[in-house]
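Here is a friendly tour for anyone meeting this protein for the first time. Keep the 3D view open and follow along.

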Amino acid sequence: MTKPFIDDNFLLETETARNLFNTSKDEPIYDYHCHLSPELIAQNKQFDDLGEIWLGADHYKWRMMRAMGFDEYFITGSAPSYEKFLVWAKTVENLIGNPLYHWTHLELQRYFGIYEPLTEKSAPSIWEKANTLLKKSELSIKGIFEKFNVYAVGTTDDPCDSLEHHRSINEGTAPIGKISTKVIPSFRPDKVLNINVQGQGGFKDYINILSITSGIKIKSIDDVLLALEKRLDFFIENECRSSDHALEYVPFCLTSDRKIDKTFKNAMNCKEITKEEIDAYKTKILCGLAKLYSDRGIVMQLHLGALRNVNNRMFKSIGPDTGYDYVSDQLMSVNLAALLNKIESFGTKSSLPKTVLYTLNPKDYYPLVTIMGGFQENDIKGKIQLGTAWWFCDNKDGMEEQIRVLANNGVLPAFVGMLTDSRSFLSYPRHEYFRRILCNLIGKWVENGEYPQDQEKLEKIVKDISFGNAKNYFN
């Protein structure tokens with residue numbers, strides 16, 4: 001029998017690594033940040049075919065298909081699902097060195113028991129076998145959560161969201177019925193921060209929606225924060241444990257509330273505002289929200305360094321989140337330290353909530369991990385976190401680099417570990433991928449004599465990073 005491409009010892013180079021992975025591989029999954037659809041979860045969606053579940057919303061794959069020169073018709077266009085799948089198969093066999101090659105084959109193995117590499121030649125038989133299995137209840141969304149022992153998923157939700165699907169899931173009235181997986185909303189107020197976004201669907205329209213949803217007549221910056229407070233409390237009533245902010249850069253500018261109110265009114269009247277005014281407004285909102293999070297025990301996640309929708313032509317054609325985002329190389333450390341310090345110093349005790357700092361650019365790992373060291377708290381283990389390797393860094397090299405930087409300058413055993421940041425229900429083997437990389441790195445340190453062969457302590461470290469720390473951190 002031919003040896004599987006990915007065997008039991010995949011990425012595990014030492015005996016210590018293999019033993020540690022066997023200890024951690026069955027730990028539950030706390031996917032505390034993802035972009036899964038609460039509506040599809042509530043419906044217990046049964047996907048029609050491999051093309052729908054694999055390619056329907058995965059801009060990671062779309063970027064690679066474009067890089068191979070395939071027409072958009074086969075990527076986000078109206079091509080039949082099987083034709084899109086064939087284009088993906090032709091792409092995959094060229095992805096040597098790319099994490100998508102590993103993820104693809106882990107998913108084929110773990111979901112469908114398919115150990116044959118995906119190629120143009122093998123694609124037809126893989127399509128048939130996978131589609132047959134997708135019709136079984138074991139691969140409905142509920143079945144997937146059970147199969148991968150998913151303890152919780154943190155979805156990404158706008159403050160104006162009704163959370164109707166979360167409520168029906170938690171009440172057990174949704175078609176999915178009772179499930180053991182916790183489906184938790186995360187508070188993501190990006191649109192209220194983006195005061196510079198004008199036109200239809202922009203800032204003014206959003207503030208009007210927030211006003212209606214919150215029941216607060218919004219005329220000033222204080223009204224904005226009051227409306228957000230009401231919506232945050234509604235989210236908390238529905239099990240919210242964290243917030244999330246996507247910041248292209250870290251704003252920091254202090255000015256009077258009177259000037260910020262003037263900026264707000266100008267934006268609502270579609271008047272031009274300066275970058276300094278924009279940053280002062282964003283600073284005020286971020287500081288105000290952080291205080292609300294701290295008072296309520298809500299984790300603040302900051303996703304930093306993504307330039308989004310840079311290709312204007314394609315943005316107008318197919319919209320956001322389609323694979324036209326990039327890594328920023330802007331400086332952030334000075335403003336980030338100043339922002340955290342401002343939040344920290346609101347009162348006699350810290351107003352800084354638990355905070356996870358992610359960066360899309362590895363150049364920022366050292367600044368972030370050293371900044372966070374200046375804001376740790378003596379009663380909270382790992383209060384400020386260096387977030388896991390994210391998006392374009394979410395690969396073997398990127399994960400190893402993030403882990404090394406954290407270990408060199410922080411406390412690795414306090415790390416809250418991996419998340420999928422995915423829109424795909426086939427992404428859970430990424431947690432296995434992370435655990436293999438983590439155990440392999442620690443295993444090499446031990447066998448190089450850099451840490452004792454203390455099996456009990458080592459097992460606790462990898463189990464905590466795999467699951468326990470995240471469960472405790474997010475309450």
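## Closed spaces inside

Let's begin with the largest cavity, which is lined by A57, D58, H59, Y60, D421, S422, R423 and S424. Bear in mind that you're looking at a predicted model. This cavity has a volume of about 60 Å³, and if you sort its lining by class you get two nonpolar, three polar and three charged residues.

How many cavities of 30 Å³ or more turn up in a search of the whole structure? The search finds three. The second largest cavity holds about 40 Å³ of space. Around that second cavity sit Y30, Y32, V153, G154, I184, S186, R241, S242 and F474. Here the lining splits into five nonpolar, three polar and one charged residues.

## The biggest pocket

Now for the open spaces. The largest pocket comes in at about 1,200 Å³. It has 38 lining residues, and D190, N194, A246, R308 and N309 are the closest to its centre. So that's a handy set to click on if you want to find the middle of the pocket.

Which helices and strands supply at least two residues each to this lining? They are the helices α4 (59-67), α10 (190-193), α11 (203-214) and α14 (275-296), along with the strand β5. By class, the lining of the largest pocket is made up of 15 nonpolar, ten polar and 13 charged residues.

## The runner-up pocket

The second largest pocket contains about 480 Å³ of space. Its lining counts 22 residues, with F21, K25, D26, R110 and E432 lying nearest the centre. Eight of the lining residues are nonpolar, four are polar and ten are charged.

Three helices each give at least two residues to this lining: α1 (15-24), α6 (99-112) and α19. The top contributor is α19, with five residues.

## A closer look at α19

Helix α19 covers residues 429-447, and G443 is part of it. Is G443 buried or exposed? Its relative accessibility is 0%, so G443 counts as buried. There's a nice long-range contact here too: T16 is 427 residues away from G443 in sequence, yet the two are 4.9 Å apart in space, C-alpha to C-alpha.

## The parallel sheet

Next, look for an open sheet of five strands, in the order β4-β5-β6-β9-β10, with parallel pairing. The edges belong to β4 (186-187) and β10 (384-386); each has a single partner strand, so one side of each is left without a neighbour in the sheet. In general, strands of a sheet pair through backbone hydrogen bonds, either parallel or antiparallel.

Let's zoom in on β5, residues 242-247, which pairs with β4 in the parallel sense over two bridges. One bridge partnership links F187 with S243 in β5. Strand β5 also runs parallel to β6 (residues 299-304), and six bridges join them. In that pairing, L247 has L304 in β6 as its bridge partner.

How well covered is β5, and how many of its residues are buried? The strand is mostly covered, with six of its six residues buried. S242, D244 and A246 point one way while S243, H245 and L247 point the other way, and all are buried. That fits a general pattern: in a regular strand the side chains alternate between the two faces of the sheet.

Some of these names have come up before. S242 is among the residues lining the second largest cavity, and A246 is one of those closest to the centre of the largest pocket.

## Rings and charges

The structure also holds 28 aromatic pairs. One aromatic cluster is formed by F47, Y111, F112, F145, F148, F425 and Y428.

Which charged residue lies over the face of W103? That's R430, at 3.9 Å from the ring centre. R430 falls within the 429-447 range of helix α19. Another arrangement of this kind involves K354, which lies over the face of Y473, 5.1 Å from the ring centre.

Conventions. Residues are numbered from 1 along each chain as its sequence is written. This is a predicted model: local features need pLDDT of at least 70, side-chain atom pairs count only at pLDDT 80 or more; totals for chains, interfaces and linings use all residues. Side-chain values use heavy atoms; hydrogens and water are left out. Rings of Phe, Tyr and Trp (its six-membered ring) pair if their centres lie within 6.5 Å; planes under 30 degrees apart count as stacked, over 60 as edge-to-face and the rest as tilted. A charge sits over a ring if NZ of Lys or CZ of Arg is within 6 Å of the ring centre and within 35 degrees of the ring normal. On a 1 Å grid over the protein atoms alone, a cavity is a set of points where a 1.4 Å probe fits but cannot get out, and a pocket is an open set with protein on both sides within 12 Å along at least five of seven lines; lining residues have an atom within 4 Å of a point. Grid points are joined across faces, edges and corners, and a volume is the space filled by probe spheres set on the points. Ala, Val, Leu, Ile, Met, Phe, Trp, Tyr, Cys and Pro count as nonpolar, Asp, Glu, Lys and Arg as charged, and the others, Gly among them, as polar. Two strands pair if DSSP finds at least two bridges between them. Helices (H or I, at least four residues) and strands (E, at least two) are DSSP runs, numbered from the N terminus. Buried means under 20% relative accessible area, exposed over 50%, partly exposed in between (1.4 Å probe, protein chains only).
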